[in-house]
Amino acid sequence: MAGSEPAATAAAPPDTVKILIAGGFGVGKTTMVGSVSEIVPLRTEEPLTAAGLGIDDLDGIEEKRATTVALDFGRITISRELVLYLFGTPGQQRFWFMWNDLAIGALGAVVLIDVRRPESSFAAIDFFERRGIPFVVGVNGFYGAHPYPPEDIRDALALPEHVRVLLCDARKRESCRDVLIALIDQLIADAIEADGDDGLTRRDR
């Protein structure tokens with residue numbers, strides 16, 4: 001009809017991406033999800049009890065009083081086009097069987113490292129390498145301390161060059177957000193490279 005206003009175009013819903021926050025026992029996974037989430041995070045923490053004596057390794061984290069027994073869940077909007085759903089994994093070895101289920105549909109991961117106990121996150125690195133899930137390493141500076149530069153940490157963990165190592169503070173939203181953005185940048189770069197390789201393969205046939 002002449003003179004009528006054009007119909008408003010509905011905004012497209014944002015893309016959603018599932019990201020895992022992984023690492024060893026007590027490295028700061030629950031803290032990171034809680035710091036960066038724009039919603040009240042879902043937590044499945046239970047108090048540490050005498051039942052875990054001799055099972056849970058508290059060496060270096062003697063002050064820890066609770067532990068994640070299933071998952072942490074949070075959400076962060078990166079832009080109008082992109083929302084991340086964050087799933088924090090349990091850290092103790094007795095709960096690792098849950099990682100396979102949590103990894104279903106995940107496009108990438110952040111592996112948190114505590115430089116006081118780097119060996120506690122070796123299993124997480126191995127998990128994502130074996131499954132071909134892209135990840136970045138976030139070096140959580142407990143009490144704000146970062147005694148080692150990223151390249152020294154890369155060498156100690158025997159990480160390939162394409163895996164980014166970032167210093168961070170799991171207590172601070174901006175620091176956690178920067179790590180997540182670095183992971184998204186890596187996922188985009190990997191997708192572009194894969195498209196280029198696929199295009200070259202098709203042309204060469």
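The paragraphs below lead through a predicted model of a single chain, from its overall layout to its cores, its charged and aromatic pairs, and the parts that call for caution.

The chain contains five helices and eight strands, and, read along the sequence, these elements follow the pattern β-α-β-β-β-β-α-β-α-β-α-β-α. Of its 205 residues, 43% count as buried. Contacts across the sequence are plentiful in the following sense: among those between residues at least 6 apart, 72% join residues at least 24 apart. As for confidence, the pLDDT averages 81 over the chain, and 74% of the residues score at least 70.

A good place to enter the fold is the largest nonpolar core, which has 25 residues, and in which Ile19, Ile21, Met32, Leu84, Leu86, Val110 and Leu180 touch the most other members. At least two residues of this core are supplied by each of strand S1 (15-23), helix H1 (29-36), strand S4 (72-79), strand S5 (82-88), strand S6 (108-113), strand S8 (165-168) and helix H5 (173-204). Helix H5 gives the largest share, with seven residues. Apart from this core there is a second, separate one of 24 residues, which includes Leu20, Ile125, Val139 and Leu157.

Two isoleucines let the reader follow particular contacts. Once the neighbours within four places in sequence are set aside, isoleucine 19 is in contact with Leu84, Tyr85, Leu86, Phe87, Gly108, Ala109, Leu180, Leu183 and Leu187. Isoleucine 78, for its part, lies in strand S4, and its contacts, with the same kind of neighbours left aside, are Leu84, Arg177 and Ile181. The approach to arginine 177 spans 99 residues along the chain, yet the C-alpha atoms of isoleucine 78 and arginine 177 are separated by 8.4 Å.

The charged side chains form six salt bridges in the structure. One of them joins glutamate 38 to arginine 75, with the closest N and O atoms 2.9 Å apart. This pair links distant parts of the chain, since glutamate 38 belongs to the loop between H1 and strand S2 (45-47), while arginine 75 belongs to strand S4, 37 residues apart. Both partners are partly exposed, glutamate 38 having a relative accessible area of 34% and arginine 75 one of 30%.

Another bridge, between arginine 130 and aspartate 126, has an N to O distance of 2.8 Å. Because these two residues are four apart in helix H3 (residues 122-131), about one helical turn separates them. Arginine 130 counts as exposed, because its relative accessibility is 65% and the cut-off for that class is over 50%; aspartate 126, at 33%, counts as partly exposed.

What is the setting, buried or exposed, of aspartate 114 and arginine 117? These two residues form a salt bridge whose closest N and O atoms are 3.6 Å apart, and both aspartate 114 and arginine 117 are buried. The bridge is also part of something wider, as Asp114, Arg116 and Arg117 are linked in a network of salt bridges.

Rings make a further set of pairings, with a count of five aromatic pairs. Trp99, Phe127, Phe128 and Phe135 form one aromatic cluster. A charge is also placed against a ring elsewhere, where lysine 18 lies over the face of phenylalanine 87, at 4.8 Å from the ring centre.

One backbone detail deserves a separate look. Most residues other than glycine have a negative phi. Alanine 158, however, has a phi near 55 degrees, a positive value in a residue other than glycine. Alanine 158 is placed in the loop between helix H4 (150-157) and S8, and it counts as exposed, at 63% relative accessibility.

Finally, some stretches ask for restraint. Over residues 48-54 the pLDDT stays under 50, although the model has seven contacts for this stretch beyond four places in sequence. Residues 199-205 also have a pLDDT below 50, and this stretch has zero contacts in the model beyond near neighbours in sequence. Where pLDDT is low, the predicted coordinates should not be read in detail.

Notes: Residues are numbered from 1 along each chain as its sequence is written. This is a predicted model: local features need pLDDT of at least 70, side-chain atom pairs count only at pLDDT 80 or more; totals for chains, interfaces and linings use all residues. Side-chain values use heavy atoms; hydrogens and water are left out. A nonpolar core is a set of buried Ala, Val, Leu, Ile, Met, Phe, Trp, Tyr and Cys residues joined through side-chain atoms within 4.5 Å. Buried means under 20% relative accessible area, exposed over 50%, partly exposed in between (1.4 Å probe, protein chains only). Contact means heavy atoms within 4.5 Å. A salt bridge is a side-chain nitrogen of Lys or Arg within 4 Å of a carboxyl oxygen of Asp or Glu. Rings of Phe, Tyr and Trp (its six-membered ring) pair if their centres lie within 6.5 Å; planes under 30 degrees apart count as stacked, over 60 as edge-to-face and the rest as tilted. A charge sits over a ring if NZ of Lys or CZ of Arg is within 6 Å of the ring centre and within 35 degrees of the ring normal. pLDDT is the predictor's confidence in each residue, from 0 to 100.
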